[in-house]
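Work through the exercises below with the coordinates open. Each task is followed by its solution in steps.

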2 protein chains.
Amino acid sequence: MGTSLNHIRIVLVEPAGALNIGSIARVMKNMGLTQLVIVNPQCEVRGEEATRMAVHAIDLLLTAQIVPDLPTALQGCTRVIATTARNRAIPTPLETPRQALPWLVESTQPTALLFGREDSGLTNAELKYAGRYLSIPVGSEYSSLNLAQAVAVCAYELQLCASEIAPDLPNVQLESDVAPVELLEGYYQQLEILLLEIGYLFPHTAAHRMEKLRRIYNRAQLSHNEVALLRGILRQVNWAIETAQLTSNRNVD
Amino acid sequence: MGTSLNHIRIVLVEPAGALNIGSIARVMKNMGLTQLVIVNPQCEVRGEEATRMAVHAIDLLLTAQIVPDLPTALQGCTRVIATTARNRAIPTPLETPRQALPWLVESTQPTALLFGREDSGLTNAELKYAGRYLSIPVGSEYSSLNLAQAVAVCAYELQLCASEIAPDLPNVQLESDVAPVELLEGYYQQLEILLLEIGYLFPHTAAHRMEKLRRIYNRAQLSHNEVALLRGILRQVNWAIETAQLTSNRNVD
């Protein structure tokens, strides 16, 4: 039967179409995906329209997690892929579903696949949470896929991938140690505060530079220990600065 | 840019959901498919619901061909693939979209991909027109895909395949000679009449046996000349029988 997909969250950010949500629940159930997480929905998740399209997947609508923001949706996730139609703010290469999605399936830890709003996709701030980016290839200048269709294509690829991967995976112990998103966020915040403090970042350049830094670490797949190590370094830098300030003040006195 | 998909017809048999038709038009346009053929629709093809889901693909709804029966939809097609969720009546192996669909893309002649009714799929009689059969792999016991989602997955695979295939194809001359479906149908009818006449087939066994025969010829990808040859044989058999009957009658006189 291949690998399970139970560890993969399908995360919808502010969807506005109830028909889409119902269709997504259905195709998720078809393809063996069980975890639907909806960030700040702009329509009824369990109303008549969603229920009608879900058909025999109403259980997925009922067990869907509804959360106020993306960080909450990603709690505990070690690998995050964002879907996007455009390559605006993303300097890293866009991958196809077939290239990117095995990364989620191979994991034994919680992972997430992000889908943005029907009209405007994911914001730059939201894209930053991802370690990889995928775009579904289209064959015409009309590139705007329906949200439910985009999820269907990805769910299909996830299922194909799962059926090809043997359930016994190498690197399980290694990967179980990868730090989840919220731990990385704590680190990024600490880093940004420090870099602003020390004048490496300025308020008007901080966002752009932090993005580049985040990309490095996201790609690196940091372990818990490594995050602790990096945070330890930051604390140490802080301490050194504070100590230096104290010394300097004392010298002035 | 790869190969064009303009020669591939997406044929929907008696669809009943206008939302599905609109979604299908949209994803077809996304993926560079241009030919939508609808057999005896059970809902409004260009009404409010279909139009709303089509968004910027309303042109595909307007140019969609609406036909009364499947043979009309398949006129001129040399390769036909039927989609099915079940393997009931099909003894030939079911293929995945990835295995089967290159066969349509590689062709330079009209080809067709058939999708059945939302609730009951394609009938055994309709399945018989196909040379190959595909089933979208699912990952759970809930195997019934939404029609528009099934088309989306296949359209995505067709587009992937087209982008991988160079526009210059071998076998073009060879394949341009493959007999279209309606020519084969003429042959099958002639064959069945003859086989009934000669007592090889009986009315209660004819359908089953003819199916097996059709499968052989569909797989063989007959050329125009080969169909003419086979029909010539049938005519000759007929002539021989009639002549024998005349001779026999004369003897009795």
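**Exercise 1. Domain layout**

How far apart do the C-alpha centres of domain 1 of chain A and domain 2 of chain A lie?

*Solution.*
Step 1. Note the source: this is a predicted model.
Step 2. Set the bounds. In chain A, domain 1 covers 8-170 and domain 2 covers 179-252.
Step 3. Take the two C-alpha centres. They lie 31 Å apart.
Step 4. Count the residues in the contact. Domain 1 of chain A gives 11 residues, and domain 2 of chain A gives 10 residues.
Step 5. Sort the domain 1 side by class. Facing domain 2 of chain A are 5 nonpolar, 5 polar and 1 charged residues.

**Exercise 2. One arginine**

Decide whether A:Arg219 is buried or exposed.

*Solution.*
Step 1. Place the residue. A:Arg219 belongs to helix H11 of chain A, residues 206-220.
Step 2. Count neighbours. A:Arg219 has 11 C-beta neighbours inside 10 Å.
Step 3. Apply the cut-off. Exposed means 12 or fewer, so A:Arg219 counts as exposed.
Step 4. Check a partner remote in sequence. A:Ala130 is 89 residues from A:Arg219 along the chain, yet their C-alpha atoms are 9.0 Å apart.

**Exercise 3. Symmetry of the pair**

Find the operation that superposes chain A on chain B.

*Solution.*
Step 1. Superpose the copies. The fit is a rotation of 180° with a shift of 0.1 Å along the axis, at an RMSD of 0.1 Å.
Step 2. Name the relation. This is a two-fold axis, because the rotation and shift found have that form.
Step 3. Locate the axis against chain A. The nearest C-alpha in chain A is that of A:Val153, at 2.7 Å.
Step 4. Compare the surfaces. Of the contact residues of chain A, 100% recur in chain B, so the same surface serves both copies.

**Exercise 4. The interface**

Which helix supplies the largest share of the side of chain A that touches chain B?

*Solution.*
Step 1. Count both sides. The contact joins 28 residues of chain A to 28 residues of chain B.
Step 2. List helices of chain A with at least two residues on that side. Helix H1 (18-30) and helix H8 (147-164) both qualify.
Step 3. Pick the largest share. H8(A) provides it, with 8 residues.
Step 4. Classify the side of chain A that touches chain B. The split is 15 nonpolar, 11 polar and 2 charged.

**Exercise 5. The chain as a whole**

Give the make-up of chain A: how many helices and strands?

*Solution.*
Step 1. Chain A has 12 helices and 6 strands.
Step 2. Of its 253 residues, 42% are buried.

Technical notes: Residues are numbered from 1 along each chain as its sequence is written. Chains are lettered from A and ligands numbered from 1 in the order in which they are written. This is a predicted model: local features need pLDDT of at least 70, side-chain atom pairs count only at pLDDT 80 or more; totals for chains, interfaces and linings use all residues. Domain bounds come from an automatic or database domain assignment. Two residues are in contact if their C-beta atoms, placed from the backbone, lie within 7 Å. Ala, Val, Leu, Ile, Met, Phe, Trp, Tyr, Cys and Pro count as nonpolar, Asp, Glu, Lys and Arg as charged, and the others, Gly among them, as polar. Helices (H or I, at least four residues) and strands (E, at least two) are DSSP runs, numbered from the N terminus. A residue is buried if 20 or more other C-beta atoms lie within 10 Å of its own, exposed if 12 or fewer, and partly exposed in between; C-beta atoms are placed from the backbone. Copies are superposed by least squares on the C-alpha atoms of residues with pLDDT of at least 70 in both.
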